[in-house]
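Notebook open, structure loaded. I want to go through charged pairs first, then the spaces inside the fold, then the ligand.

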Amino acid sequence: MTISATLIARLSNAQSVCVLTGAGVSAESGVPTFRGADGLWSKFKPEELANFNAFIRNPALVWEWYSYRKKVIKEVQPNPAHYALVELEQRIPNFTLVTQNVDGLHRRAGSKHILELHGNIERSYCIDCSAFANDIVLDESKEPPHCKHCGGLLRPDVVWFGEMLPEGVFEQALGAARRCDVFLCLGTSAVVYPAASLPLEALEQGAYVVEINQEYTDLSSRVQEAMLGKVGIILPQLIQALQHQ
Ligand code: BJW
Ligand code: ZN
């Protein structure tokens with residue numbers, strides 16, 4: 001993939017860059033995506049399990065899904081796309097990494113300024129008293145875990161459909177999208193709102209918006225550049241091109 005001279009120039013001169021990442025950025029680490037050609041959660045539609053009503057109806061099933069995913073995430077490592085974003089952060093004065101991913105891989109790679117829009121799978125909280133709990137591991141019985149303070153049901157600290165994003169986090173992401181010179185939209189199908197509104201906001205404010213995805217999305221025709229390919233390959237090439245500027 002050739003990196004366009006315009007993108008290199010824009011990034012070299014950028015004071016402010018905002019990046020939105022989705023499941024595709026963790027795909028090359030071995031974390032299945034929700035949708036798309038290689039979307040491996042085809043057994044479960046996210047809309048079916050990632051909502052509070054599904055959880056109340058069948059907490060054991062929802063916990064089994066999260067428990068399995070927690071195990072997968074613990075066993076994988078950040079990939080070249082995560083590390084390229086760490087390097088990009090070091091080059092840009094005002095850098096914001098907005099992620100829809102709940103896997104914590106950006107933090108593990110070393111990124112600093114991260115906004116987690118959809119929470120983090122490592123944390124849980126009690127639906128009755130809101131107390132937090134970390135490192136919940138289901139025992140053999142696969143019974144859903146309960147709060148050690150009040151006995152209430154624990155749930156993963158992630159954002160399900162119909163729920164508000166963590167307070168203030170989306171507002172910060174919106175601010176970053178609106179003031180950036182360059183916006184990178186990486187490995188997301190860009191169908192879940194309000195995250196999907198961020199590249200549109202950036203476009204409206206005149207930012208140079210670039211998508212990298214292994215397939216075209218509804219966003220592709222609206223951005224300045226839609227690069228087709230794997231983020232784990234294209235992002236390191238982009239960093240290399242910046243270094244040789
Ligand atoms: C690669 C690659 C490689 C692969 N290189 N690329 C109509 C009806 C009902 C609701 C709504 C509606 N219209 C809007 C809504 C609201 C709803 C919504 O957006 N629904 C749409 C689906 C229609 N949104 C919400 O409910 C949000 N809250 C909200 O709006 O609050 C206000 C409100 C309050 C009260 C009432 C109503 C509104 C909350 C959304 C929460 C989303 N949660 C999830 C689960 C999180 C926890 C968990 O992980 O289990 O977040 S769903 C799931 O989708 C997860 C993801 O973060 C999110 C986005 O997915 P993502 O990251 O884009 O992944 P994929 O799999 O879709 O795409 C991967 C892409 O990568 C593909 O394109 C591949 O091609 C690509 N790829 N490998 C490059 N190597
Ligand atoms: Zn409790």
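**Entry 1: E201 and its partner.** I looked up E201 and found it buried, at 19% relative accessible area. That sits just inside the class, because buried means under 20%. This is a predicted model, so I'm reading computed values throughout. Who does E201 pair with in a salt bridge? The partner is R178, at 3.0 Å from N to O. E201 belongs to helix α9 (residues 197-204) and R178 to helix α8 (residues 169-179), so this pair links distant parts of the chain, 23 residues apart. R178 itself is partly exposed, with 41% relative accessibility.

**Entry 2: the other salt bridges.** How many salt bridges does the structure hold? I get 6. The background is simple: side chains of opposite charge can pair when their charged atoms come close.

I checked R155 next. Its side chain meets that of E163 in a salt bridge, 2.7 Å from N to O. Is R155 buried or exposed? R155 is buried, with a relative accessible area of 3%. E163 comes out as partly exposed, at 23%.

Then I went to R35, which forms a salt bridge with E47. The closest N and O atoms there are 3.6 Å apart. R35 lies in the loop between α2 (24-27) and α3 (46-49), while E47 is in helix α3, so the pair ties together parts that are 12 residues apart in sequence. Both ends are partly exposed: R35 has a relative accessible area of 29%, and E47 has 41%.

**Entry 3: the cavity.** I asked for cavities of 30 Å³ or more and got 1. The volume of the largest cavity is about 40 Å³. Which residues line it? I wrote down T99, N101, D103, G104, L105, H106, R107, I114 and E116. Two elements give two or more residues to this lining, namely α7 (105-109) and β3 (114-116). Helix α7 gives the most, with 3 residues. By class, I noted 2 nonpolar, 4 polar and 3 charged residues in the lining.

**Entry 4: the second largest pocket.** This pocket has about 270 Å³ of space. How does its lining divide by class? The split is 4 nonpolar, 1 polar and 7 charged. Among the lining residues I noted the lysines K70, K71, K74 and K142. The acidic residues E64, D139 and E140 are in the lining too. I also jotted down S67, Y68, I136, V137 and L138 from the lining.

**Entry 5: ligand 1.** How many residues surround ligand 1? The count is 35, and the closest are R35, Y66, T188, S189 and N213. R35 is back from Entry 2, where I had it in a salt bridge with E47. Here a backbone N or O atom of R35 lies 2.5 Å from an oxygen atom of ligand 1.

E163 turns up again as well. A polar backbone atom of E163 is 2.8 Å from a nitrogen atom of ligand 1, while the E163 side chain meets R155 in the salt bridge I noted above. I added Q100 to the list: one of its polar backbone atoms is 3.0 Å from an oxygen atom of ligand 1.

Definitions and conventions. Residues numbered from 1 in each chain as written. Chains lettered and ligands numbered in written order. Predicted model: local features only at pLDDT ≥ 70, side-chain atom pairs only at ≥ 80, totals over all residues. Heavy atoms only, no water. Salt bridge = Lys/Arg side-chain N within 4 Å of Asp/Glu carboxyl O. Helix = DSSP H or I, 4+ residues; strand = E, 2+ residues; numbered from the N terminus. Buried < 20%, exposed > 50% of the residue type's maximum accessible area, 1.4 Å probe, protein only. 1 Å grid on protein atoms, 1.4 Å probe; cavity = no way out; pocket = protein on both sides within 12 Å on 5 of 7 lines; lining within 4 Å. Points joined across faces, edges and corners; volume = space filled by probe spheres on them. Nonpolar A, V, L, I, M, F, W, Y, C, P; charged D, E, K, R; others polar. Near = heavy atom within 4 Å. Polar contact = N/O pair within 3.5 Å; in protein donor to acceptor, adjacent residues only side chain to side chain.
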